[in-house]
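Here are some notes on the structure shown below, set out as numbered points. They cover the ligand surroundings, the cysteines and a few individual residues.

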Amino acid sequence: MKGWTGYILRVNLTDKTWKKEAFTEEFATTWVGGRGFAAKILFDELKPGIDPLGPENKLVVALGPISGIPAPNTGKAVVAAKSPLTGFYGDGNLGTHVSSQLRKAGYDALIVEGKAAKPTMIYIEDDKVEFHDASEVWGKGTYATNEWIHKTYPKNLGVLNIGQGGENKVLYSVIRSMEGRAGGRPGMGAVMGSKMLKAIVVKGTKAIPQEKPEEMKQMGAAGLKEAYNLDQKSGWSKQSTNAVLAWCNEVNGLPVQNMRKTTHPEAPKMDGERLNDARVATYGCPSCTMHCGITIHDKEGRESELDYENIGMLGSNLNVFDLKQVGSLNYLCDDYGLDTISAGSVLGFYADAIERGATTGDFKFGDAEKGKVLLGQIAKREGVGNLLADGTLRMAKAWGKDSINYAMQVKGLEVAAYNCKSIPGQALANGVAAIGGHHREAWIITFELKNSKRESYGPEKAAKVIELQRIRGGLFELLVACRFPWVEVGYSLENYPKFFNAATGLNWTLEDFWKAADRGYALIKLHYLREFPNATRKDDYPPAVWFDKANADTDGPQKGVALEYDKYDSLLQHYYDQRGYDQRGFPTKELLAKLGMQKEAAAVEKYAKLS
Ligand code: PTT
Ligand code: SF4
């Protein structure tokens, strides 16, 4: 078996042991890598109902068959576990040298289980694992922790670490890696924290097995050059992800004031051009020739890396229109290790709930200074921060009234910076995203607004969501490569099966990846059903406030427009029909058999019925 190393490293923190475990070719070709590996490992090894913050949860770091090989843009890793925020499978994808170092150490995945007796850093070097005392940095932020690590280890080693957010089990705490990189929105940082695991450092010294290394080397180098040229030609990385802010503002899709509004006259003060003007440095992931991480000096003079999501959720969503202040809020999220999307949503929801009398407090939209204080309280679970650390769904449950209607979450995960009250396809994308409200798997908004009828709830939108899920939540999460060369600068998708085939010696087409992607989606659905046997299709609905006419725009082209329940439900049905899911939104036994998942179907039927 070439392409894969063929091994997983299993580390147990409770008894400080580790094992190198071989996996079969069947496992490799069925689940491919990354999200596929992680979802299958967690499905097989976790009993439903376990406490996600208990020692029985497992953290999986998973790579793919082209990870670590120089090609566009392979310096990414999937981090996954049972999510403490959503209660089922959760994952994220972040840029890190772990992608190459873990593979060079001889592994395609790492499983961390158990719980350490004291703050610990795991050091992995090929077949050796060491457990180091990390008490010195317990209670410190991710920047100080990285500095502490790099006093001993060079910067090109693979590093994952957490801040105070993860230590204190904030349910939306993330894992950090290198400058500006963060991932694992549904509380992957909290899972590390619950295990007293402050950091992981990885060094590998071996060659990554490849079937046609010479061919791969040439194709990879040519790909990196092409991605560079395409980026230069398009100028995308001048504004990077924030190129989209001005457009979202123009098309009434920006999150403003906890998504009460869709546009704001001051938003252009934070657009891509302004961000580029304020740039002090540029960072990126390994194996990338189109670095997109733009840093600015924040209000306190620190370097802070800003993406569109961060500006949308910590800026306009809070009625903060000062890039430097947004930089400060973002810096704190990075240092504490909090997800910027959920943190922005939590703060917006808090201000909104105070305004509407669902709770009391002195936080108002536009108050960036108080926002900074609250982020500190969240990270340390102090005062009201203790509730805010649990995310919008639990906040709404605590406050009652009708606050659940404007808690901007799906399945417990806060939706990202696209205000979908007049954008049905993107609303569906949030509703059916595998891990809860997320834009990452189906960013249909540009298709929807540029090439389709915005107001349509037709089958073409369900088809597009599925197409994008297969590419973004499938191909790129299985191979584990950054999707930006394709999505942002037009690098052809056809290149990826070629890389995969050169690495593995197989002869896959994109069609084969779509099938593997469908398997991944079906398996994550089974994770959900096993945890929530009474689940209904309503779980795939976006937040109620998007359906509320009283909350629609009061002027502009989308005046009076809100999502419509009947139409959304029929769009959801198109999605289920096209995917082969039942009325409740779960894969049928027939579909599971087609995907070769009879074993997984039988495992689920011990807990819940399948159609
Ligand atoms: C991702 C989510 C995103 S999506 C952003 S900005 W984006 C936020 N970034 C955060 C951050 O920064 N700090 C922080 N404390 N919290 C943050 N939360 C938010 O997390 C990221 C890029 C981006 S920037 C995107 S879209 C693409 N995402 C990819 C993906 O998901 N898969 C893939 N194969 N390729 C991708 N390429 C792009 O990578 P999550 P990163 Mg991230 C600082 O984590 O959980 O997946 O959520 O990984 O290395 O920072 O790169 O406009
Ligand atoms: Fe990382 Fe950006 Fe490069 Fe993607 S394009 S690999 S997110 S630096």
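1. In which helix is Leu 224 found? The model is predicted, and in it Leu 224 belongs to helix H7, which spans residues 213-234. Leu 224 counts as buried because its relative accessibility is 15%, and the limit for buried is under 20%. Not counting residues up to four places away in sequence, Leu 224 touches Pro 70, Ala 71, Pro 72 and Asn 73, as well as Ser 287, Cys 288 and Thr 289.

2. Some of these contacts of Leu 224 lead to ligand 2. Asn 73 and Cys 288 are touched by Leu 224, and both are also among the residues that surround ligand 2. The other residues around ligand 2 are Lys 76, Arg 181, Gly 284, Cys 285, Met 290, His 291, Cys 292, Cys 482 and Phe 484. By class, the shell around ligand 2 holds 6 nonpolar, 3 polar and 2 charged residues. Domain 1 (7-203) and domain 2 (235-419) each give at least three residues to the shell around ligand 2.

3. Ser 237 offers another view of this region. Ser 237 is located in helix H8, residues 236-239. With residues up to four places away in sequence set aside, Ser 237 touches Asp 231, Arg 279, Met 290, His 291 and Ile 294. Of these, Met 290 and His 291 are also in the surroundings of ligand 2. Is Ser 237 buried or exposed? Ser 237 is buried, since its relative accessible area is 15% and the cut-off is under 20%.

4. Next, the cysteines. How many disulfides does a search of the whole structure find? The search gives 0. Cys 420 is in no disulfide, and the nearest cysteine sulfur, which belongs to Cys 248, is 9.2 Å away; a disulfide would need the sulfur atoms within 2.5 Å. Cys 420 has 0% relative accessibility and therefore counts as buried. Cys 285, one of the residues around ligand 2, is buried as well, with a relative accessible area of 10%. The C-alpha atoms of Cys 420 and Leu 224 are 35 Å apart, with the two positions 196 residues apart along the chain.

5. Cys 248 is also one of the buried residues of helix H9 (residues 243-250). The others are Val 244, Leu 245, Trp 247 and Asn 249. The cover over the buried residues of H9 includes H11 and helix H18 (445-450).

6. What follows H9 deserves a look at the backbone angles. Most residues other than glycine have a negative phi. Asn 252 comes after H9 and has a positive phi, near 60°. Met 259 also has a positive phi, near 65°, in a residue other than glycine. Asn 252 is placed in the loop between H9 and helix H10 (272-278), and Met 259 is in the loop between H9 and H10 too. Asn 252 counts as buried because its relative accessibility is 5%. Met 259 is buried, with a relative accessible area of 1%.

7. Ligand 1 has a shell of 31 residues, and the closest are Gly 95, Ala 182, Asp 334, Asp 339 and Glu 477. The shell divides into 10 nonpolar, 11 polar and 10 charged residues. Strand E5 (89-95), strand E11 (182-183) and helices H11 (308-314), H12 (323-336), H13 (340-355) and H19 (459-479) each supply at least two residues to the shell. Which of the elements gives the largest share of the shell around ligand 1? The largest share is that of E5, with 4 residues. Domain 1 (7-203) and domain 2 (235-419) each contribute at least three residues to the shell around ligand 1.

8. Backbone atoms make polar contacts with ligand 1. A backbone N or O atom of Ala 182 is 3.0 Å from an oxygen atom of ligand 1, and a backbone N or O atom of Arg 185 also lies 3.0 Å from an oxygen atom of the ligand. A polar backbone atom of Thr 340 is 3.1 Å from a nitrogen atom of ligand 1.

9. Last, Gln 164 is in helix H5 (residues 164-167). The side chain of Gln 164 reaches the backbone oxygen of Gly 139 at 3.3 Å. Beyond its neighbours within four places in sequence, Gln 164 is in contact with residues including Lys 140, Gly 141, Asp 335, Tyr 336 and Ala 379. Gln 164 counts as buried because its relative accessibility is 9%.

Note on methods: Residues are numbered from 1 along each chain as its sequence is written. Chains are lettered from A and ligands numbered from 1 in the order in which they are written. This is a predicted model: local features need pLDDT of at least 70, side-chain atom pairs count only at pLDDT 80 or more; totals for chains, interfaces and linings use all residues. Side-chain values use heavy atoms; hydrogens and water are left out. A residue is near a molecule or strand if one of its heavy atoms lies within 4 Å of it. A polar contact is a pair of N or O atoms within 3.5 Å; within protein, one must be able to donate a hydrogen and the other to accept it, and residues adjacent in sequence count only if both atoms are side-chain atoms. Ala, Val, Leu, Ile, Met, Phe, Trp, Tyr, Cys and Pro count as nonpolar, Asp, Glu, Lys and Arg as charged, and the others, Gly among them, as polar. Domain bounds come from an automatic or database domain assignment. Buried means under 20% relative accessible area, exposed over 50%, partly exposed in between (1.4 Å probe, protein chains only). Contact means heavy atoms within 4.5 Å.
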